[in-house]
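User: I'm new to reading structures, and I'd like to know how the labels people use are backed up. Can we go through some together?

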Amino acid sequence: MTPASPTTDTPLQFLKGVGPKRADIFRSLGVETVLDLLYYFPREWQDRSETADLSLPTASGLVVLKGRVLRARQFPAGPSLALFKASLAARQGDVEAVWFKHLNHRFDVFSGLKKDAAPGSDLWIVGRAEPSPSGIRNVRVEEHYLLSNERWPIHVRRLTPIYPLTQGLSQRLLRELQFKALSAAGAASETIPPALARSRGLLSAAQALRAIHFPGSPQELDAARSRLAYEELLLLELAWSLKRRQARQLVKGFSYAIKRTLLTPFRNQLGFVLTGAQKRVINEIFADLQRPAPMTRLLQGDVGSGKTVVALAALLLAVENGHQGALMAPTEVLAEQHLATARRMLRGLPARVALLTSRVTGAKRKAVLAQLARGEIDLVIGTHALLETGVALPRLRLAVIDEQHRFGVRQRATLRQKGGPLIDLLIMTATPIPRTLALSLYGDLDVSTIDELPPGKARVETLRVGETEALERLKAAAAVGQQAYVVYPVIEDSADADLRSAKAEFERLRSGPLASLSVDLIHGAMPGRRKTAVMEAFAAGRTQVLVATQVIEVGIDVPNATIMVIQNADRFGLASLHQLRGRIGRGAAASACCLVSASATPAADQRLKTLCSSGDGFRIAEEDLRLRGPGEFLGTCQHGELSLRAADLVRDASLLAQARDDAETLLARDQGLSRPENRALKERLLELYGRRWNWIDLE
Ligand code: ADP
Ligand code: MG
């Protein structure tokens with residue numbers, strides 16, 4: 001059955017040129033219907049204006065011309081390669097058109113071409129000019145179209161769409177299918193309510209779809225792209241806003257009162273005064289906790305900004321109120337360090353604290369689990385082990401997650417589900433998100449930011465030096481009783497001879513340059529117990545130098561460590577380097593981070609320069625974003641989760657702000673998006689985000 005002309009819900013399989021096999025390929029791209037196809041956008045647009053003059057190089061390097069075949073023949077070009085040459089007479093002069101193909105002994109790879117490029121045929125060719133001093137003489141053909149086929153104008157003499165492809169699809173097929181599908185675009189329903197579309201001066205959906213695939217001009221393309229980007233961003237902002245609104249209507253069914261029975265003594269024995277920023281975020285968190293709705297708050301603060309104290313204050317408020325609190329760290333070393341900090345700061349206070357990691361085993365584990373289940377523990381500190389099914393936390397009301405990495409919306413949802421939907425959740429991150437992205441990424445979270453470092457911390461000087469100088473500095477610091485880290489990008493030697501490894505260098509340093517010092521080794525492949533022992537020895541000052549991999553990136557707090565030498569520094573990312581550097585400068589003594597790097601690409605060079613010139617995590621994150629682009633910065637999975645095809649969170653920041661305002665206005669007038677003019681918007685919203693994030697329920 002082939003419908004005469006497709007409609008938007010026609011399954012792709014019923015378009016001419018798509019059989020069941022191709023339909024499967026399209027399905028793997030998420031394209032099932034004609035409408036899905038129309039929303040499968042080009043990744044770029046090629047200017048395929050006809051080449052005016054063969055004596056001039058073209059700006060794009062692309063040659064586009066129409067010619068009549070004078071002669072044509074095949075030549076061997078190697079054991080497995082053949083080429084096919086046709087002399088063409090074109091308005092602009094004569095050219096040699098060349099096609100290369102891999103030979104196949106089962107069939108003639110040029111059989112189609114021999115028909116197309118027979119003498120007398122009129123062809124459009126699109127190709128690359130082979131350089132020659134006398135202008136364009138040879139063109140390596142990428143695509144050709146017969147003038148006798150009326151579809152050639154889809155492909156040449158225009159701004160031509162180039163699609164992301166996968167095995168089994170070609171640009172030609174995609175373009176011709178899109179062209180056909182566009183006849184259904186008129187019926188593409190408008191998602192954006194008409195009044196809004198008018199006030200924002202937007203193209204209609206049909207116009208935008210037509211122009212995103214086959215723009216008449218660069219201006220038309222721009223208008224189409226921002227129309228479609230705006231639609232995506234509006235949907236995203238609506239999803240977030242609905243999620244926030246719905247979350248605010250939930251009632252957690254327990255409450256907090258600020259009693260100060262624990263908080264005041266805690267504050268008195270801190271040994272320092274809270275910074276203004278710490279006080280501010282503690283107030284924000286306390287205000288949230290006292291609301292009827294569960295808290296979902298992100299606490300971001302640069303390394304060393306003092307997030308742990310803030311977390312403990314929140315947890316103590318829970319404990320004061322008879323609730324159970326949990327602090328979850330990404331690694332065992334860190335969990336144990338948090339435990340030590342908590343024990344120290346809660347000395348003498350009636351708060352029962354316990355540790356639960358996968359290293360707490362046997363009888364000890366049994367006892368902790370039983371105590372937790374009976375509600376006899378007020379504050380449990382642990383790792384992902386806390387999420388295991390055998391762990392019962394009946395009085396758990398506040399979970400704090402000390403998360404070293406950026407995480408996706410999906411992971412957050414999973415965590416929340418594990419903890420029970422109605423408990424309070426505080427997520428801490430030491431990886432600042434550039435301001436431009438924070439709102440976009442954490443649109444469904446409330447965000448608190450510690451933007452001030454505690455006083456009395458010496459600045460960390462960052463410099464690029466040779467290894468000899470770095471080790472001299474290290475020895476000088478050791479001579480006055482300070483400690484140091486030497487960090488390597490990999491654990492073991494590999495084929496890459498330029499890359500130094502922690503294990504090999506540990507042997508070299510302790511028997512050579514650092515023989516007079518006590519040197520130890522830590523890396524991610526060591527058993528957990530061993531890692532803890534090494535860390536403890538270092539924290540206690542029994543080891544002077546710790547040779548390490550990136551395992552020490554996270555949260556380790558040894559104030560007496562003042563020197564960090566980072567070897568092959570060019571091999572680390574900007575965010576990692578900044579996190580690593582955060583391990584020093586934690587005490588009052590001046591600290592130095594020595595970047596050692598024998599060779600660096602221009603991009604790596606730029607990273608190292610940025611690091612030397614700035615200690616501000618936010619600025620570094622902005623720069624990181626600029627250098628890497630949002631896709632890589634966020635990780636593709638997160639970008640994918642947001643269903644963005646036309647929009648780019650960084651480039652379209654101002655559209656995003658518009659979309660946010662418009663989403664708020666729409667929801668203020670029509671909370672459930674139930675008015676007729678908003679129905680299409682609601683449908684699309686549920687389609688995109690309803691099931692996937694299990695987020696929005698709009699009955
Ligand atoms: P991060 O935000 O990187 O997790 P931490 O919570 O580990 O930072 O704090 C870093 C160090 O600063 C710790 O040794 C902590 O005790 C100390 N610290 C935290 N707040 C203050 C403050 N207001 N004044 C002085 N030192 C502080
Ligand atoms: Mg920390």
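User: What makes the seven strands β10-β11-β9-β12-β13-β8-β14 an open sheet?

Analyst: Keep in mind that this is a predicted model. In that order, the strands pair in parallel. The ends tell you the rest: β10 (353–356) and β14 (446–450) each have a single partner strand, so one side of each has no neighbour in the sheet. On average, neighbouring strands are turned by 20° against each other, ignoring direction.

User: How do you know that β9 and β12 are paired?

Analyst: Pairing takes at least two bridges. Strand β9 (residues 324–328) and strand β12 (residues 396–403) have five bridges and run parallel, so by that cut-off they count as a pair. As one spot to look at, G325 stands opposite L398 in β12.

User: Which strands does α10 touch when it packs on the sheet?

Analyst: Helix α10 touches β8, β9, β11, β12, β13 and β14, and its direction makes about 170° with that of β12. Helix α12 (residues 362–373) packs there too, touching β9, β10 and β11.

User: Why is the link between D557 and ligand 1 called a polar contact?

Analyst: The label needs a pair of N or O atoms within 3.5 Å. A polar side-chain atom of D557 is 2.7 Å from an oxygen atom of ligand 1, so the pair fits the cut-off. The side chain of Q278 also has an N or O atom 2.9 Å from a nitrogen atom of the ligand.

User: How much of ligand 1 does the protein cover?

Analyst: It covers 87% of the 560 Å² of accessible area that ligand 1 has on its own.

Methods: Residues numbered from 1 in each chain as written. Chains lettered and ligands numbered in written order. Predicted model: local features only at pLDDT ≥ 70, side-chain atom pairs only at ≥ 80, totals over all residues. Heavy atoms only, no water. Polar contact = N/O pair within 3.5 Å; in protein donor to acceptor, adjacent residues only side chain to side chain. Areas by Shrake-Rupley, 256 points an atom, 1.4 Å probe, with all protein chains shown as cover. Helix = DSSP H or I, 4+ residues; strand = E, 2+ residues; numbered from the N terminus. Axes fitted to C-alpha atoms, helices over the stretch in contact; angles between N-to-C directions. Contact = heavy atoms within 4.5 Å.
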